[in-house]
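The exercises below are meant to be worked with the sequence and the coordinates open side by side. Try each task before reading its solution.

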Amino acid sequence: MAVFGYLWFPLVLCTVVFFFLIRATRRRRLRLPPGNLGLPFIGETLQLISAYKSENPEPFIDERVNRFGPIFTTHVFGEPTVFSADPETNRFILQNEGKLFECSYPASLSNLLGRHSLLLMKGNLHKRMHSLTMSFANSSIIKDHLLVDIDRLIRLNLDSWTGRVLLMEEAKKITFELTVKQLMSFDPCEWTESLRKEYVLVIEGFFTVALPIFSATYRRAIKARTKVAEALTLIVRQRRKESEAGERKKDMLGALLAGDDGFSDEQIVDFLLALLVAGYETTSTIMTLAVKFLTETPLALAQIKEEHDQIRAKKSEMEPLEWTDYKSMPFSQCVVNETLRVANIIGGIFRRSMTDINIKGYTIPKGWKVFASFRAVHLDHDHFKDARSFNPWRWQDNSGATSPGNVFTPFGGGPRLCPGYELARVELSVFLHHLVTRLSWVPAEEDKLVFFPTTRTQKRYPINVQRRNVSKLCKD
Ligand code: HEM
């Protein structure tokens with residue numbers, strides 16, 4: 001036994017040295033981007049997690065960009081990964097989707113979304129479904145069909161707020177109600193609220209280890225996913241019958257049922273579920289953070305109030321906003337852009353390389369993960385002056401950036417460009433309109449931004465609201 005006791009140490013040492021030698025040789029041969037792969041197996045995952053628990057938005061990337069430059073190698077979540085904080089490389093990654101790179105999500109997300117979700121689809125089917133989704137949320141559909149419900153549902157929600165409100169929770173409720181209406185024409189009711197409760201459990205599962213044995217949250221998420229899928233399947237079956245009888249509603253489900261593709265119920269359910277996910281946390285977080293930043297920037301709050309008071313002054317109290325009103329909110333668009341720049345919930349996107357790829361003198365080996373960080377570019381002083389402060393006025397005369405080229409990509413780009421980009425903007429603008437014209441508020445507690453596991457405020461941004469006399473603003 002004692003002999004084995006003495007032997008194991010040199011054996012482990014040799015294995016570790018051998019591991020590092022092999023890795024170093026392969027790296028030299030491939031000209032990988034500089035960086036550090038960290039410890040065997042866990043790499044730099046722990047450094048990444050602990051870094052993002054700080055208040056600094058980009059601690060992990062900042063430190064490595066300073067040491068290695070804007071393209072660097074690391075090893076996180078069990079895989080070697082190339083990180084890019086370089087706008088050109090990010091654009092190259094986005095544009096070469098399906099040719100050199102393919103999307104790659106953690107197992108927890110893919111299992112919970114279902115294989116027919118747009119986020120996981122590839123190839124021609126992805127192209128077709130992406131353009132179908134784009135056509136469902138384009139400007140003319142929003143203008144002619146969706147805007148009236150967006151206006152009504154947001155106004156109804158805001159009119160029910162009194163006293164202390166957890167803004168993040170309320171914003172989530174609003175975005176869920178809007179999406180369910182747009183996808184399936186349901187107005188808020190007990191059914192939609194119980195669907196939302198299950199749905200929240202599904203989302204919690206995205207941020208856990210995808211192993212039911214280790215994670216109660218993941219087990220709960222799988223169960224909730226089954227319930228959500230069952231509820232949606234019933235709706236799809238009912239609507240299929242109605243559609244076969246010649247009844248057609250002008251919503252996303254209607255478009256899916258009427259298409260020539262002959263989608264199965266399972267395909268449609270996965271597709272709807274993913275659309276609910278895609279717009280939910282994203283839009284509600286931006287709503288909350290826009291309010292937080294405005295509250296902390298009184299001049300911007302005064303300016304946005306003035307903009308919306310002027311729009312309301314031409315209307316009666318309950319008159320809905322029209323497309324021309326949306327188009328006459330220039331300062332609100334600056335606020336939306338600036339919020340998306342400073343604190344987008346989607347910090348960047350993961351892809352996997354489909355072949356060895358040469359870029360900027362380096363090689364990204366086939367099968368490696370790649371992370372194109374949008375936030376690192378958005379917060380880079382080389383591209384945006386005084387990049388880490390909230391300054392909506394920077395968008396007033398130009399693209400907001402100080403460097404040429406498209407460095408502002410909150411909605412991604414290329415074949416996977418967010419199909420909800422215009423919808424999200426409209427929802428945010430209408431939300432800001434009703435918020436500032438109908439309510440005034442103060443923060444109920446100090447609350448700070450955190451960036452892990454997602455961008456949000458620690459306490460869901462509690463505010464105390466008071467009603468404004470909106471009728472005083474109006475034309476009659
Ligand atoms: C502020 C709100 C939003 C932000 C910041 C945002 C951001 C993004 C980004 C960056 C992507 C690209 C992901 C990738 O390339 O892998 C994306 C994809 C997507 N977004 Fe959004 N999004 C928002 C709202 C919405 C809304 C309201 C919808 C509803 C229609 C939506 C639906 C989608 C879908 C379905 C995809 C997947 C596209 C694909 O893989 O082909 N998003 N979003």
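**Exercise 1. Helix 6**

Task: For helix 6, compare the span with the expected one, and determine which residues are buried and which are exposed.

Solution: Helix 6 has 14 residues, and in this predicted model the distance from its first C-alpha to its last is 20 Å, close to the 20 Å expected at 1.5 Å a residue. The next step is to sort the residues by burial, which gives Met129, Thr133 and Phe136 as the buried residues of helix 6. Because these buried residues cover an arc of only 55° around the axis, they sit on the same side of helix 6. An α-helix has 3.6 residues a turn, so residues three or four places apart point the same way. On the other side of helix 6, the exposed residues are Gly123, Asn124, Ser131 and Ser135. As a last step, look for what lies over the buried residues of helix 6: the cover includes helix 7 (139-159) and helix 11 (252-258).

**Exercise 2. Helix 13**

Task: Find the buried residues of helix 13, and establish what covers them.

Solution: Helix 13 runs over residues 298-313, and its 16 residues reach 22 Å from the first C-alpha to the last, close to the expected 22 Å. Its buried residues are Ala300, Ile304, His308 and Arg312. Seen down the axis of helix 13, these buried residues fall within an arc of 105°, so they line one face of the helix. The face turned away from the buried side of helix 13 carries the exposed residues Pro298, Leu299, Ala302, Glu306, Gln310 and Ala313. The cover over the buried residues of helix 13 includes helix 12, helix 15 (330-343), helix 17 and helix 18 (470-473).

**Exercise 3. Helix 9 and an annotated segment**

Task: Describe how the buried residues of helix 9 pack, and then examine the chain over residues 199-218.

Solution: Helix 9 (residues 190-206) has 17 residues and reaches 25 Å between its end C-alpha atoms, close to the 24 Å expected at 1.5 Å a residue. Leu195, Tyr199, Val202, Gly205 and Phe206 are the buried residues of helix 9. They are on the same side of helix 9, because they cover an arc of only 105° around the axis. Glu190, Glu193, Ser194 and Lys197 are exposed on the other side of helix 9. The buried residues of helix 9 pack against helix 5, helix 10 (216-244) and helix 12. For the second part, the unreviewed UniProt entry gives the annotation "transmembrane region" to residues 6-22 and 199-218. Over residues 199-218 the chain is 55% helix and 0% strand, with its end C-alpha atoms 13 Å apart.

**Exercise 4. Leucine 113**

Task: Is leucine 113 buried or exposed, and which residues does leucine 113 touch?

Solution: Leucine 113 belongs to helix 5 (residues 107-113). A count of C-beta atoms finds 22 others within 10 Å, so leucine 113 is buried, the cut-off for that being 20 or more. Not counting residues up to four places away in sequence, leucine 113 touches Leu119, Leu120, Asp270, Leu273, Ala274 and Val277. One of these contacts is with alanine 274, which is 161 residues from leucine 113 in sequence and 5.9 Å away in space, C-alpha to C-alpha.

**Exercise 5. The ligand shell and cysteine 418**

Task: Work out which elements supply the shell around the ligand, and place cysteine 418.

Solution: The ligand is surrounded by 24 residues, the closest being Ala278, Gly279, Gly412, Cys418 and Gly420. The elements that give two or more residues to this shell are helix 6 (123-136), helix 12 (265-296) and helix 17 (421-438). The largest share, six residues, comes from helix 12. By residue class, the shell divides into 15 nonpolar, eight polar and one charged.

Turning to cysteine 418, the unreviewed UniProt entry lists Cys418 under "binding site". Cysteine 418 lies in the loop between helix 16 (374-378) and helix 17. Cysteine 418 counts as buried because it has 20 C-beta neighbours inside 10 Å. Leaving aside neighbours within four places in sequence, cysteine 418 is in contact with Phe411 and Gly412.

Definitions and conventions: Residues are numbered from 1 along each chain as its sequence is written. This is a predicted model: local features need pLDDT of at least 70, side-chain atom pairs count only at pLDDT 80 or more; totals for chains, interfaces and linings use all residues. A residue is near a molecule or strand if its C-beta atom, placed from the backbone, lies within 6 Å of it. Helices (H or I, at least four residues) and strands (E, at least two) are DSSP runs, numbered from the N terminus. Ala, Val, Leu, Ile, Met, Phe, Trp, Tyr, Cys and Pro count as nonpolar, Asp, Glu, Lys and Arg as charged, and the others, Gly among them, as polar. The expected span of a helix is 1.5 Å times one less than its number of residues. A residue is buried if 20 or more other C-beta atoms lie within 10 Å of its own, exposed if 12 or fewer, and partly exposed in between; C-beta atoms are placed from the backbone. The arc is that of the directions from the helix axis to the C-beta atoms. Two residues are in contact if their C-beta atoms, placed from the backbone, lie within 7 Å. UniProt positions are given in the numbering used here, feature names are shortened, and annotations may be inferred rather than shown by experiment.
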